[in-house]
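Biologist: Hi! Could you walk me through this protein in plain words? I'm new to reading structures.

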Amino acid sequence: MDSYLKHYINGQWVDSIGGKRHLVISPSTEEPCTEITLGTQADVDAAVKAATAAFETYSQTSREERLALLGRIVEEYKKRVGDLAKSMASEMGAPLNFAATAQVGAGIGGFLGTIEALKTFEFSERHGANLVVYEPIGVVGMITPWNWPLNQIALKVAPALAGGNTMVLKPSEECPGNAAIFAEILDAAGVPPGVFNLVQGDGPGVGAAISAHKGIDMVSFTGSTRAGILVAKAAADTVKRVHQELGGKSPNLVLPGADLATVLPPTVSGVLINTGQSCIAPTRILVQKDQEAEAVGIIKGMFDGTQVGDPLTEGAHIGPVVNKTQYDKIQGLIQSAIDEGAKLETGGTGLPTNVNRGYYIKPTVFSGVTPDMRIAKEEVFGPVATVMTYATLDEGVKIANDTDYGLSAVISGDPEKAAAIAPKLRAGMVAVNNWGPSPGAPFGGYKQSGNGREGGLFGLRDFMEMKSISGIPA
């Protein structure tokens, strides 16, 4: 069992002040795989004190010093690919091949995108008689999730460092090992003491303490909308900046007459990749009624051909979902769709036939899903696709927008026709014939999917404060 019982504060691995031991349960074996210490308010206080002291000097570093630091982090990060992949495979079920490429690669991508943005970032701009300058915001509290853990850590830590901020990170207690290794990477890269601090813990403890802390100037949270609301409420009393990337219920709007065999595989794959545990997974597949049968056949074939297996073995299979709570929730949503009259095309409740333990979900496809069903409204976060139909394209757009969320949307079909539809979709990101985020583009959503953006130039700006100066010579 991996053991990470200490926090990383002020450049040192230190014991918790009153914390308690927590066991991480492997989703593939249902047995403990990692132990950490859940931190306390006192641990957060110590981390904030260190970050506050470090801000005085780190905020004054030059662009060149920060670029050099970020570059050293990338080089140290590359040395730990195997360790990071194994940790994620054990704790959150990402198969080794996928963890070592997509999961680890997403973290590197976050740093590389920030490095490119920082190289040409304009820290000051003239607007008429005024000078507008971008400055470090201060101490940033970061609360990150378990599903793409390194990606979300990198999309916060990299721009915070690039902007001259200091920080306190609380990773998910469901997948904490990669964050501890990440702290070792930053230490090896020579991040100054106090600039980056890691406090392990849960939401009600460390997460709430970070959100409400008067010494923290900004809190950046990625997770569920339910938890994001709690973070915002806790932060309100200190009027700190709240930066959030929350839930999603992304549509995949298939244009009438589209070549389904060509356009569906690259977009529907987003429901299977990472076992469907992606906030931008395009699970609501909207097709014109006369193409429903063909679409269902293609999607069913993809899901039937997807193997489920042990994340600690090599291969192209998908792994389990992260924990029993998620497993039970997904099982309940699958059953609700059956009860409400959707047609089960493949998959269903219970474990796949090739496993007898673990939190594995059968890759599942439903047709005949209507907008009023639970499974059409709630974020599933598992390998479950729902096929819905529309009569006219205007109706398809209406169904696509009929959600409390607005993180992302997919359009499958002719790109020229998609260009006319994209502005009608109420989502922060629209991908045509693809489902993933585009490197360098801002990542974030509308409505209850959050506020603020991450990635590249736009992420860097969100981790900085803006000041106007008037009355000085041009």
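**A chat about the model**

Modeller: Happy to! Let's start at one residue: Val239 is exposed, with a relative accessible area of 72%. Keep in mind that this is a predicted model.

Biologist: Where does Val239 sit along the chain?

Modeller: Val239 is in the loop that runs between α8 (225–236) and β12 (241–245). Its backbone has a twist to look at, too: Val239 has a positive phi of about 50 degrees, although it is not a glycine.

Biologist: What is phi for Asn433?

Modeller: Asn433 has a positive phi of about 55 degrees, and Asn433 is not a glycine either. You'll find Asn433 in the loop between β20 and β21. With 25% relative accessibility, Asn433 counts as partly exposed.

Biologist: And Asn434, where is that one?

Modeller: Asn434 is in the loop between β20 (429–432) and β21 (446–447). Asn434 is partly exposed, its relative accessible area being 37%.

Biologist: Which residues is Asn434 in contact with, leaving aside its neighbours within four places in sequence?

Modeller: With those neighbours left aside, Asn434 is in contact with Pro266, Thr267 and Val410. You can also look across to Leu260: Asn434 and Leu260 are 174 residues apart along the chain, and their C-alpha atoms are separated by 13 Å.

Biologist: Let's zoom out. How many helices and strands does the protein have?

Modeller: There are 15 helices and 23 strands in the protein. Its radius of gyration is 23 Å, close to the 23 Å that the globule rule gives for 474 residues, so the protein is as compact as a globular protein of that length.

Biologist: What does the C-alpha trace span along its principal axes?

Modeller: The C-alpha trace spans about 65 × 60 × 40 Å along those axes.

Biologist: How much of the protein counts as buried?

Modeller: Of its 474 residues, 57% count as buried. As for the surface, the protein exposes about 18,200 Å², and carbon and sulfur atoms supply 54% of that area.

Biologist: What about charges, how many positive and negative side chains are there?

Modeller: The protein has 39 positive and 49 negative side chains. The centres of those two sets lie 3 Å apart.

Biologist: And contacts between residues at least 6 apart in sequence: what share joins residues at least 24 apart?

Modeller: Among those contacts, 74% join residues at least 24 apart. Tyr58 is a nice residue to look at here. Tyr58 is found in helix α1 (residues 41–58), and if you leave aside its neighbours within four places in sequence, its contacts include Leu161, Gly164, Asn165 and Thr166.

Biologist: Is Tyr58 buried or exposed?

Modeller: Tyr58 counts as buried, at 4% relative accessibility. Another distance to try is the one to Gly163: Tyr58 and Gly163 are 105 residues apart along the chain, and their C-alpha atoms are separated by 9.8 Å.

Biologist: How far apart in space are Ser3 and Lys240?

Modeller: Ser3 and Lys240 are 34 Å apart, C-alpha to C-alpha, with their positions 237 residues apart in sequence. Ser3 is found in strand β1 (residues 2–4) and is partly exposed, with a relative accessible area of 39%.

Biologist: New topic: how many aromatic pairs turn up?

Modeller: A search of the whole structure finds nine aromatic pairs. One of them joins Phe121 and Phe123, which form an edge-to-face pair with 4.9 Å centre to centre and 75 degrees between the planes. Phe121 counts as buried at 3% relative accessibility, while Phe123 is partly exposed, with a relative accessible area of 22%.

Biologist: Why is the pair of Phe182 and Phe196 edge-to-face?

Modeller: Their ring centres are 5.8 Å apart and their planes are at 70 degrees, so the pair of Phe182 and Phe196 is edge-to-face. Phe182 lies in helix α6 (residues 177–188) and Phe196 in strand β10 (residues 196–198), so this pair ties together parts that are 14 residues apart in sequence.

Biologist: Are those two rings on buried or exposed residues?

Modeller: Phe182 is buried, with a relative accessible area of 1%, and Phe196 counts as buried at 1% relative accessibility.

Biologist: Which residues do ring pairs link into a cluster?

Modeller: The cluster is made of Tyr8, Trp13, Phe111, Phe182 and Phe196, linked by ring pairs.

Terms used
Residues are numbered from 1 along each chain as its sequence is written. This is a predicted model: local features need pLDDT of at least 70, side-chain atom pairs count only at pLDDT 80 or more; totals for chains, interfaces and linings use all residues. Side-chain values use heavy atoms; hydrogens and water are left out. Helices (H or I, at least four residues) and strands (E, at least two) are DSSP runs, numbered from the N terminus. The radius of gyration is taken over C-alpha atoms; the globule rule is 2.2 Å times the number of residues to the power 0.38. Buried means under 20% relative accessible area, exposed over 50%, partly exposed in between (1.4 Å probe, protein chains only). Contact means heavy atoms within 4.5 Å. Accessible areas come from the Shrake-Rupley method with a 1.4 Å probe; for residues, only the protein chains shown count as cover. Lys and Arg count as positive and Asp and Glu as negative; His and the chain ends are not counted. The place of a charge is taken as NZ of Lys, CZ of Arg, CG of Asp or CD of Glu. Rings of Phe, Tyr and Trp (its six-membered ring) pair if their centres lie within 6.5 Å; planes under 30 degrees apart count as stacked, over 60 as edge-to-face and the rest as tilted.
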